[in-house]
Each structure stands twice: as C-alpha cells, then as structure tokens.
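Let's walk through this one together, starting at the ligand and working outwards to the sheets. Keep the viewer open as you read.

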Amino acid sequence: MLEKSQVDMEKIVSLSQRRGFIFQSSEIYGGLASCWDYGPLGVELKNNIKKAWWRSIVQERDDIVGIDSSILMHPKTWEASGHIQGFTDPLAECKECHLRWRIDELKSANCPNCNGELTEPQRFNLMFKTFIGPVEDKASITYLRPETAQGIFVNFHNILNTTRKRLPFGIAQIGKAFRNEITTGNFIFRSREFEQMELEYFVKPDSDEHWLNYWLEERLRWYINLGIKQGNLRLRQHGQDELAHYARNCYDIDYLFPMGWSEIEGIANRGDFDLRQHSEYSGKNLDYFDGDTNGHYFPIIIEPSAGVDRSLLAFLIDAYDEEPDKDELRVLLHLHPDLAPYKAAILPLSRRPPLVALAKDVYDSVRRHLMVSYDNSQSIGRRYRRQDEIGTPFCVTVDFESLNDNQVTIRDRDTMNQIRVPIEELTQVLIAKLAGENFVTQPLWKTE
Ligand code: GAP
C-alpha cells in the first residue's frame, strides 16, 4: 500500500481526467481558471458525498432540518453579514507586469513573476458582483453568495415557526458558493465556484463550548467512518489573528494533502453575531423565546462548514493506491462503498450471445437496486483493472458455468478474493457485502 507522501497531485489529476471524474471548465476555449466540471464518475462521487452528509446530519437526526435557499440574496444581507466590509484579501500590484499578489503570502518584497516593484497593498473584496434586472446601476447590485450560511440565518424565524423546533436545533444546507479567489491552484482545492455542506446549530448561550466539542468529534468521525485514515486528519485551532470577523473560536479539520496539511472543514463558534446583525439591518427581531425561562435572547451558533469539492479531493487521494501486478501496476481506489460511483460491474466472460444475454438479465435485475455498470469489452483482466481504478467495490463475472448452474462469481476489489453465489440471490448478497459483511463469509445457501 502506498504511503500518503507517495501520492502526488499529478496522479490524481491524471486519473480524474482519464477516467471522467473531473475536467477543466471550458477546456475547448483554453479553460477557465479555477473552475471545474465533474464528469460521469465525478458527479456520482460528489452526489454520494452529499448524500452521506445529508443522511448523517438531517435524515438520521431529530434535531436538524434541511433548507435550500437561493444563491442570490437581498444586497443588505451582505452588509449585515460583514462581507462587504470584511471579506477581503490585501493585494499588491506589480508595477511592471501588473499581476496582483496576496501580500500575506508573498515571500519577498518584489513581484514573484518578474521581480518588479509592488504597489502599496489594497483591500480586494472576494465576492462576485452582479446585477438584478435590466439596469446595471448601483441600486441593482447584488452578489453571488460566498457562503451558504446566510440563507439559513435569514430564514431562522421561518424555520422556527414552521417546525416548532426548540434549542438546541440545527438547519442544514448544501449548495454552491462563489469566491473570486486570488491564490488558486492545487486542482479543485481552491476554486472560484464550489459547493459547501453547512450546518448552523443554534444553542443556548451557556452551552456553546459543549456543542463546539460535540461537533468537532462528530465531524471527525464522519470522515473516518467513510474511510479516511485517522492519521491523515487533524484538528487545528485558529489563532486570534486568524479568526473570521464573525467568529469567537474556530477549528479547522485539516487533511494531509500532497501539498501539506490543509483545511477541508471549518467548525466555528459564530456567537450571536449573525442573528443580531440581521435583526439590526432588517428591522425584524430574530431572537428566540425560551419557554423554560420566559426570556428572549439570541442563540449562539455553532457552524460545521465543509467543502464538497475539498472533501472529494481528500477522499480520492486517501483512496488512491498502487500495487505491483505481474509486470504491471494495479491502480485502485479503495473508496468506501457508500461513495464509490458504481457499486458493482457486471462482466460477461466472453461476447458469446448466450452469455451476453444472461449477463444483461443479471445487469437489469441488479440495477433496479444499485448503481451498477456493464462492460463486455476487452479481456476480463483489463476490465477488472478498469473497475479497480474507479473504485468499484465488486465485479460480477458471468461465465460459461453460469449457463448451467445459474451462479456468478463476485470478486472483491481490495483483496481480489472471489465467491460464487446464485444469480437469484446476487442483489441481496451485494447489498450485504456493501454494508460491510465479511466478504469471504459464504452465504448460507453456498453449494459445494
Ligand atoms: N460559512 C463559513 C465558511 O464559509 P470557510 O472556512 O470560509 O467558512 C468553509 O469555508 C469550507 O468551504 C472550507 O473548509 C472549504 O472546504 C470550503 N471552501 C472555502 N473556500 C473554498 C474554495 N475557494 N474552493 C473550494 N472550497 C472552499
């Protein structure tokens, strides 16, 4: 098995492009910097990550509900949230080549591109500006949201009134966010259009420390349960000088990427900043009436905010492996079955019509329950390798014996062990093995 330090980003980029996980946006026009398109396998993996998050945060809990708010919001939202004033990077421009640089990342006093002299730094707002309606004047300006969180805060009372939830409770949202990032690179790690999975968890004022610690543990466990090696994850507390303008305390969940430890999720104590600000700017009081104490107050918000794209990159890197295989190299993704784009591949051993017909029947019966692929091109060895490389947990081979005994062979991606099962039980066996049943445990009906 490969050590993490041996996985370089080039291999992940090349696999992603070769197999249809991720492409450069607008590639035929030379590409659009820091924007990415997810291909047929990428969109499955991405959807599976979002599904796993939604299941653990919303579906399996009584205290959290979901929301899907619009990307465009009233421009006052961004005044209240502090983004117009505070969501900025300090930039200096080179007087020679006119490239702009983030001064907090510069290693020398001159331009890294041409060594030219730099201007005094200026604050640069990261929000994308746009216009609502046909007139492009000041009154019609709004922004593409830089975080999904604000759509939750402005709906706080709508959710409270329609669900009758009581503290502590949470509102979750998955959606696109946009930032005109200056420092880009490292593939999909930092892009200008990305997706977030955000939870705003509202708690009583004196319980914020408890809930911050609770969510740190929960969120770490989520990554580990989905297969990320514990040693490749760490928690890092922000220093006072790093805290966002709204945060009282914040931790990053960092993953050990090829370029070093970097954030995949931030877990912040936002205090009562957001509800207080929106109350002031909208004139609508967003406080909470506590029936236990008969008092009104603004709840404290604990916010676990994860990036879909960054966690997808971490899942890909963590799953990537190479093994010697005869004279070649077996490349495989040890993706967790819940995340794998295909759960199984149905492979007829040859293209002889009776085998293909049986394999198609098998495919049709399984695909009603699971996302599976069908492949009858090239040698069986090559087809196994192709599935290993995209992380398909199981390959199901339909062979000549299957025509007589109505059984098929299931091959396990990670161990390459094989078991033989009756076709009529195949879906059930696959579902059990995908849920973690020991692969070599033969089902009860195993016939010798
Ligand atoms: N609402 C809080 C918030 O937005 P953040 O730390 O700025 O906090 C949360 O962002 C997560 O969103 C990050 O941990 C990261 O996974 C993802 N993210 C932020 N900026 C990103 C970018 N430019 N490209 C990809 N993902 C990004």
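**Around the ligand**

Start with the ligand: one of its nitrogen atoms sits 3.4 Å from a polar backbone atom of Phe189, where a polar contact means a pair of N or O atoms within 3.5 Å; within protein, one must be able to donate a hydrogen and the other to accept it, and residues adjacent in sequence count only if both atoms are side-chain atoms. Bear in mind that this is a predicted model, with local features needing pLDDT of at least 70 and side-chain atom pairs counting only at pLDDT 80 or more, while totals for chains, interfaces and linings use all residues. Residues are numbered from 1 along each chain as its sequence is written, and side-chain values use heavy atoms, with hydrogens and water left out.

Two oxygen contacts are worth a look as well. A backbone N or O atom of Ile264 is 2.9 Å from an oxygen atom of the ligand, and a backbone N or O atom of Gly307 is 3.0 Å from an oxygen atom of the ligand. The protein covers 91% of the 550 Å² of accessible area that the ligand has on its own (Shrake-Rupley method, 1.4 Å probe; for residues, only the protein chains shown count as cover).

Who makes up the surroundings? There are 19 residues around the ligand, and Glu147, Arg179, Glu181, Glu198 and Glu263 come nearest; a residue counts as near if one of its heavy atoms lies within 4 Å. Sorted by class, the shell has ten charged, five polar and four nonpolar residues. Here Ala, Val, Leu, Ile, Met, Phe, Trp, Tyr, Cys and Pro count as nonpolar, Asp, Glu, Lys and Arg as charged, and the others, Gly among them, as polar. Strand 13 gives the most to this shell, with five residues, and strand 10, strand 13 and strand 16 (300–307) each supply at least two. Helices (H or I, at least four residues) and strands (E, at least two) are DSSP runs, numbered from the N terminus.

**The seven-stranded sheet**

Those three strands belong to an open sheet of seven, in the order 3-9-10-16-13-12-11 with mixed pairing; two strands pair if DSSP finds at least two bridges between them. Strand 3 (64–66) and strand 11 (233–237) are the edges, each with a single partner strand, so one side of each has no neighbour in the sheet. Neighbouring strands are turned by 25° against each other on average, direction ignored. Angles run from 0 to 180 degrees between N-to-C directions, and axes are lines fitted to C-alpha atoms, for helices over the stretch in contact.

Helix 2 (residues 40–59) packs on this sheet, touching strand 3, strand 9 (169–178) and strand 10 (193–203), with its direction at about 160° to that of strand 9. Contact here means heavy atoms within 4.5 Å. Helix 6 (residues 156–163) lies across strand 3, strand 9 and strand 10 too, running at about 140° to strand 9. In the loop between helix 6 and strand 9 you'll find Pro168, joined to Leu167 by a cis peptide bond with omega of about -5°.

Elsewhere in the sheet, strand 12 (residues 249–257) and strand 13 (residues 260–271) pair in the antiparallel sense over nine bridges, with Cys250 opposite Ala268.

**The five-stranded sheet**

Another open sheet has five strands, ordered 20-19-21-22-23, again with mixed pairing. Strand 20 (372–374) and strand 23 (418–422) stand at its edges, each with a single partner strand, so one side of each is left without a neighbour in the sheet. Strand 22 (residues 407–412) and strand 23 run antiparallel, joined by five bridges, and Arg411 has Gln418 as its bridge partner. Helix 10 (residues 353–367) packs on the sheet, touching strand 19 (344–348), strand 20 and strand 21 (394–398).
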